[in-house]
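Work through these exercises with the model open beside you. Try each task before reading its solution.

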Amino acid sequence: MRLKDKVAIITGAARGIGLATALKFVREGARVALCDVGETAVEAAAAEVRAAGGEALGFVVDVTDRPAIDRMVASVMQRWGRIDTLVNNAGIVMDAQLRKMSDIAFDKVIDVNLKGTYNCARAVVDIMVEQGSGVILNASSVVGLYGNFGQTNYAASKFGVIGMAKTWARELGRKGVRANAVCPGFVETPIIGTVPEKVLEALRERVPLGRLARPEEIANVYAFLASDEASYVNGAVIEVGGGAAF
């Protein structure tokens with residue numbers, strides 16, 4: 001098991017890629033703290049992870065709320081005494097073309113996706129430096145590489161977390177802490193549940209593999225990057241998009 005006895009914090013962990021990552025991590029031997037905004041969803045996700053044989057804690061955390069993040073980190077440290085990996089997976093979309101985008105929608109996406117990533121990393125970085133080891137993984141997107149119609153705010157946030165990962169790699173590498181960004185493409189998660197089938201089919205046609213990604217396929221990449229097998233992978237931006245053309 002490549003993550004045996006490691007401790008991971010995963011945000012946005014109640015469903016989709018976050019939950020798949022939590023399940024993958026425990027199968028690889030990690031203990032996981034699942035963070036999300038809905039109490040019922042967090043409890044259900046943590047129960048699913050435990051039912052899979054893993055050791056898990058669930059926390060109701062809004063990544064824009066620094067005190068809540070700090071309380072969660074303190075609880076993880078009290079329970080397990082270390083933090084080996086932070087997966088900054090929490091994110092939202094509020095799409096609109098530039099001419100129609102509201103300031104509220106722009107600010108909210110930046111606050112959650114970009115500032116939330118900063119908040120969580122800031123809360124764990126001193127612990128990781130003191131340990132002399134740690135991994136910070138930022139969830140970007142292919143949209144953070146290429147942009148996308150109607151996603152000014154989302155693209156800006158996902159470009160931004162790449163910049164953060166590259167900066168942290170430079171700042172923290174000598175301290176034993178690695179930082180990387182993962183850029184998923186189109187993934188079969190609850191977030192696309194309202195997308196019309198015609199649109200989904202058009203998305204599939206843009207992917208040479210002919211299908212959307214499964215959450216587990218993104219989780220596999222996170223597990224590799226969190227493991228000692230990726231000990232020389234630092235400041236990387238890994239696209240997991242099935243070769244999608246933009």
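Buried means under 20% relative accessible area, exposed means over 50%, and partly exposed lies in between (1.4 Å probe, protein chains only). Helices (H or I, at least four residues) and strands (E, at least two) are DSSP runs numbered from the N terminus. This is a predicted model, in which local features need pLDDT of at least 70, side-chain atom pairs count only at pLDDT 80 or more, and totals for chains, interfaces and linings use all residues. Residues are numbered from 1 along each chain as its sequence is written, and side-chain values use heavy atoms, with hydrogens and water left out.

**Exercise 1. Judge how enclosed β1 is.**

Step 1: count the buried residues. In β1, 5 of the 5 residues are buried, so the strand is largely enclosed by the rest of the structure.

Step 2: check both faces. V7, I9 and T11 are buried on one side, and A8 and I10 on the other.

Step 3: look just before the strand. K6 sits in the segment before β1. K6 is buried too, because its relative accessible area is 18%. Contact means heavy atoms within 4.5 Å. Leaving out residues up to four places away in sequence, K6 touches G29, A30, R31, D84, A226 and D228.

**Exercise 2. Lay out the sheet and find its edge strands.**

Step 1: write the order. The sheet is open, has 7 strands and runs β3-β2-β1-β4-β5-β6-β7 with parallel pairing. Two strands pair if DSSP finds at least two bridges between them.

Step 2: name the edges. They are β3 (55-60) and β7, each of which pairs on one side only.

Step 3: check two pairs. β1 and β2 run parallel, joined by 5 bridges. There, I10 stands opposite L34 of β2. β4 (residues 85-88) and β5 (residues 134-139) are also parallel, over 4 bridges. L86 has I136 in β5 as its bridge partner.

Step 4: add helices. Helix α2 (residues 39-51) packs on the sheet and touches β2 (31-36) and β3, making about 175° with the direction of β3. Angles run from 0 to 180 degrees between N-to-C directions, with axes fitted to C-alpha atoms, for helices over the stretch in contact. Helix α4 (residues 103-131) lies across β1 (7-11), β4, β5 and β6 (177-184), at about 175° to β4.

**Exercise 3. Find which parts the salt bridge between R79 and E55 ties together.**

Step 1: apply the rule. A salt bridge is a side-chain nitrogen of Lys or Arg within 4 Å of a carboxyl oxygen of Asp or Glu. The count by this rule is 11 salt bridges.

Step 2: check the distance. The closest N and O atoms of R79 and E55 are 3.7 Å apart.

Step 3: place the partners. R79 is in helix α3 (residues 66-80) and E55 in strand β3, so the pair ties together parts 24 residues apart in sequence. R79 is partly exposed at 47% relative accessibility, and E55 is partly exposed at 34%.

Step 4: set a second pair beside it. R204 and E201 meet in a salt bridge at 3.2 Å, N to O. These two are 3 residues apart in helix α7 (residues 197-205), which means about one helical turn separates them.

**Exercise 4. Describe the surroundings of T152.**

Step 1: locate the residue. T152 lies in helix α6 (residues 152-172). T152 is partly exposed, at 34% relative accessibility.

Step 2: list contacts. Not counting residues up to four places away in sequence, T152 touches L98, M101 and F106.
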